[in-house]
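Visitor: Please give me a close look at one part of this model, and set it against the rest of the chain as you go. I would like each cut-off stated where a term comes up.

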Amino acid sequence: MAQAALSPSSPTRRKKKPAFKPFYEKQTEGETSAEIINDARSSLRTLQTKRPCTPKEDTRTLFSGSTIRSSHERPPSAFSLGARHFDGTGSRPSSGTRLLPLDNKPSLPSSPPPSGEDVTLPVLPKPPKADPSRPLSGKRKARAKLMNAVSPEGDVIILPQPMDKVRPNSASKSSTGEDCLKRRAHSGPKERTKPSSEDQPNSMDTEVRVRSAECVASRSPSKSSRTESGYSSDRGSVGSPVGSVGRRDDFTPDEALFWNTSILPIIEDLDRSLTASPNSDVTLRLCARCSELYSAMKERGLLGRGGKRRSQLLKIIYKLLDIQNPRLHLKAARIILAFNISGQSMTSLCKLLFKVGRIEENDQLFLEDDILDLIISTLSSLDPVKNGEPLVYAVGSMKFLSGNSNIVKILSQKGLLPVLVSHLHTINLHLSEIKKPSKSMLNVLLQITPVLRNMADLGENRADFISHRVLDELCGLMEVYYNEADLMLNISRILSKLTLHHECSAALGDHPTSFQSLVSLLDKHHQLSDLAVRVCFVLGNLTAHNDDCRYCLFNAENAMEVILATFRSYLAQNLKQTNVQSNSENNHTKSDSKKSEDVLIKLVRVIANLSINQDIGALIASNETCVDLLLQVLECHSVNESEELVINTIITINNLSYYTVISSAIEERHLTIARLLLRLLVDDNVDGMVEAARVFGNLSRNQNIRNFLTSKKVDQMMVTLLDSGDREVVYVACGVLINLMTDEKRRPTLKKGNGIAKLIEVLRDFGRTDWQLAAMVCMVLCNYTEKMTSSPDDLGEEEASSLTELLVDYLDEEVAMEIPDDASWDEETRDFMRSYWKSEFVPVATQLLGRVEACQGDLITIDEDGT
C-alpha cells in the first residue's frame, strides 16, 4: 500500500470548484460520474484569473488612448459644421473648391463704336481649332455660336443691344416672361438674373405652390389664377422658377394637391422660423415642424433618392444645421438620411452624427423617432473600401452610443452587428486581393472594433458572434494588420470577453492561424502591457479546457520562446518598479508595477494550463529557464503583497512537480522549492498555506524532502491541521501525511500528536459527503499500519474499535448511500457519489478494515453481569 501511495498517479491535491459551474455538473457529453468527480479533484489544475479591466474613458474621442499613430494619418475629431458644408444637390460628390459667380456685371455697349483709327477695340483670343471629326452637341454648340461672333481678323462683332429692363408693374405688361429670364453676361448657361429685392420681398413668395404635369401640358398662354382642383398653376416649384424642374419632379394632380395642402405650409413655417431670432420656443417649433414634415413625406412616399422636389427640400433642411441645437440637428439628420444622400453631403452628415453623439447627455436623443434605424440602414449602404471617411464618423457615433449599457441592447436588437461584420468581411476580401492594407480602411476598423467590443458584453449577442463568424474575420485582420498596435489592442479586448465562454473559445481555437497570430502579436508588441496582458489572457482561456488548444499553442512557431522571453522581460521590469516604488510614493510608479504584475499573472496561467497536458507538462518541467523564472517570482514576491501572482506560481510549480521525469528541473531544485514554500506554511494567508502543502504532497515522494520537512517539524504541523475543520486544509494535510507515513521512523509522530483520533473524526464528519477525502484518510492509516502487529497497541483500543465500526458501516452500500440530513441529492448526484464510493473508497477501506481486524488479537467480550 505504501508503494501505491507514492505512485505519481495517486491524487494528492484537490481542484477548486469552478466558479461558473456546480460541483457535479457535467462538463461535456459522455463523461462518467467518476470522471466528473476526478476532474473536480484532479492532481493537475488549470488557473482562473480576472479579465483585464478597460477603464471607461473620461471623454469621447474619435481615436482614443494611443499615441502610436501620428495625427495626420487620421481624420480630424474637431471640425466646424453648418449648412455651407452640405452640397446643395444632395448627391453630387465633392469637387474641391466651389467657384462663386462674379460680383460685377460687365455692361455691353449700347451703340456701335465710333469708326476712327484712334479707337482700339479689345481683341478676343482666337478659339482653338475644332476637331472636324467630333460632332458638336450641347454646350459645345453654344460655344461654337459664340466663337462665330468673332471675325477672322479678331474684330468684335457687335451684339444686339439688350432690351431695357421692364418692371412687372410698369406699363409694358404685354411683354412676355422672358424679360425676367435674361441671362447675365458672365453667368452659366442655366443661371438666371435674380429679381430685385423690391420684386421679391420674401424668398418663399415665389415658391408657394406647384402644378401637376397635366396642368403644365394643357396650360394656355394666358394665365389662370387657379385650376379646378384647387392648386395654383402660375407659381414655380420650391427654390426654382417655373419650368426649371425636370420631368422627374412632375406631380400628379393628387400629389400636387397634397404638396400644396400638407407639405408647403410646413416649409413656409420653417422658412419663417429660420428668419426669427433663435430661442428655445423657435427651436421647439422647428423640431416639431421637422417631425411633421418627415411624417407627411413618408406617408406619400416622397422620401428616398427618387423623392420629388428632393434638392429643393434639402436646401431648406440644411439651413437648420446653422442653429446649434442637438435635438434639431438629429431631427434634420433624420430627414436627410431618409433622402439617401451621397458624396460630400454624406460625409458632412456623418460628421454631424458624430458631433452630436460625442456628448454623453445627447444619448437619449438618439432613441427618439427612428433615427437609429436610419443610421444603421445608411451604414449598411456604405462601402468601407470606397466610403472610408463618412463610415469612420458614422461608426464613431455608434461607438459612443454602444458604450451606453441601455442603448447597446437596442443597437443589437436593430441588427447593428451583422452590418459591422459585413464591413469586416468586405475589408478582408479586399485585402486578400490587393495584399496591401490602407490607412483609410484602418481608420474604419478602429471604429468598428470598439463597437464589437461593447456588444461582446451582452450574452444574447454571443450566438450572433459565432453564427456570423466574427472570430474568423478578426483572425483575418490579425494576419494583415499585426503591426497596428491600436487595432490589435481593440481586437484583443474583444477576444478577452468572448473567450470567457467555451463556445467562443472553441470557435477561435478552430481557426487555423489563431494561435500563430496571437504568438506573433505577443512577440511584436510585448512592450505594450495593455496588449500583452490581453493576449496572454486569451491564450490562458483557450488552453484552460481544451487539450487540442494546448497542442496548437505549444506547437506554434517559437511559442515557448516568446512566452518565456516576455516572462523574463516583465519580471525584470516588475522588480525594478517594485524597488523604485519602495523608495517613492509616486502613484505612476505603483500603476506601472501593477500593470507588469498583471502580465506576469496571465503568463504564469498560460504555463500552468499548458502543463495539464501529459506530454507538454513533462517538457515544461524539464525546461530550466521556465522553472528558474517561477522560482524567482517566489523569491522576490510576498504572498501578502502579490497574492494572485504568488499563488498562481505555486499552482504552476505544483502541476510541474507532478511529472517525475529524469530530466525534471523541478526534481533538481526540489530543496530550493521546499525552502521557498516553507515560509508560506506559517503565513497568515490560508490560500498560500494550502497551495504550498499541495506542492509538498508531490515533493514528499522524495526521501530528501521528507527529511527536510521532518527537520522543520512540518509533520507535526500537518497533524495539527487535521482538526482545522476546513475540508480543503484537511485534504492537503492528508496528502502530505500519506507520503510521510511511508517512513516507519515518522509514524510515531502521528500517534503522539493524537493524529489517529483526529483522522477517525475526519472520517466520521466528512466521509459520507466526501468519499475522496474518506479514501485519503484510509490511505494515511494504511501506510501507518503497514507493519502493525496489534491494533489496540498501534492505534489505541478505543480508536481501533471506533475505526472498525465506521469502516463496517461505510462499506455497507445501503448505509453509505443514505442522504445526510443537511444534504439534498437528486438521482444523478446519488449516482455520482455511488460511483466514486465504489471506485475510490471501497478498495482502500476494505484493505484497511481487513488489516485492523486481523491485528485485533483475542479480545474478551464482557457480559453485563461481569462474567
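**From the whole chain to one residue's surroundings**

Guide: Among the contacts in the protein with a separation of 6 or more, 76% are accounted for by residues 24 or more positions apart, a contact being a case of heavy atoms within 4.5 Å. This is a predicted model, in which local features need pLDDT of at least 70 and side-chain atom pairs count only at pLDDT 80 or more, while totals for chains, interfaces and linings use all residues. Residues are numbered from 1 along each chain as its sequence is written, and side-chain values use heavy atoms, with hydrogens and water left out.

The secondary structure comes to 39 helices and zero strands; both kinds of element are DSSP runs numbered from the N terminus, helices being H or I over at least four residues and strands E over at least two. Of the 867 residues in the protein, 48% are buried, where buried means under 20% relative accessible area, exposed means over 50%, and partly exposed lies in between, with a 1.4 Å probe and protein chains only.

The part I would look at closely is the setting of Phe841. Together with Phe567 and Trp771, Phe841 touches the most other members of the largest nonpolar core, which holds 226 residues; such a core is a set of buried Ala, Val, Leu, Ile, Met, Phe, Trp, Tyr and Cys residues joined through side-chain atoms within 4.5 Å. Helix H35 (residues 771–784) gives this core its largest share, 12 residues. Once neighbours within four places in sequence are set aside, Phe841 is in contact with Leu763, Trp771, Ala774, Ala775, Cys778, Leu807, Tyr810, Leu811 and Tyr836.

Several of those partners recur where helix H34 (residues 755–766) meets helix H37 (residues 797–810), whose axes come within 10 Å and cross at roughly 25 degrees. Axes here are lines fitted to C-alpha atoms, for helices over the stretch in contact, and angles run from 0 to 180 degrees between N-to-C directions. H34 is therefore roughly parallel to H37, on a scale where angles under 35 degrees count as roughly parallel, over 145 as roughly antiparallel, 65 to 115 as roughly perpendicular and the rest as oblique. Their crossing is left-handed, a term for a near helix turned anticlockwise from the far one by less than a right angle, as against clockwise for right-handed. On the H34 side, Ile756, Ala757, Ile760, Leu763 and Arg764 take part, and they meet Glu799, Ser802, Leu803, Leu806, Leu807 and Tyr810 of H37.

The loop between helix H33 (747–752) and H34 contains asparagine 754, a residue other than glycine whose phi is nonetheless positive, near 60 degrees. Asparagine 754 counts as partly exposed, at 42% relative accessibility. Proline 820, by contrast, counts as buried at 12%, although it too lies in a loop, the one between helix H38 (813–816) and helix H39 (827–854). The C-alpha atom of proline 820 is separated by 7.6 Å from that of arginine 768, 52 residues apart along the chain. Apart from neighbours within four places in sequence, proline 820 is in contact with Arg768, Thr769 and Trp825.

Cysteine 855 is also buried, with a relative accessible area of 12%. A disulfide is taken as a pair of cysteine sulfur atoms within 2.5 Å, and by this rule the count comes to zero.

Elsewhere in the chain, helix H29 (residues 686–699) and helix H32 (residues 727–740) offer a second pair to set beside H34 and H37: their axes come within 8 Å and cross at roughly 25 degrees. H29 and H32 are therefore roughly parallel to each other, and their crossing is left-handed. Helix H10 (residues 371–381) and helix H11 (residues 388–402) pack at an angle of about 140 degrees, with axes 10 Å apart, and are therefore oblique to each other.

Finally, helix H16 (residues 470–480) is largely enclosed by the rest of the structure, because eight of its 11 residues are buried. Cysteine 475 is one of the buried residues of H16, at 1% relative accessibility. The cover over those buried residues includes helix H13 (416–434), helix H14 (439–455) and helix H17 (485–498), among others. Arginine 469, in the loop between H15 and H16, counts as exposed at 52%, and has a positive phi of about 55 degrees although it is not a glycine.
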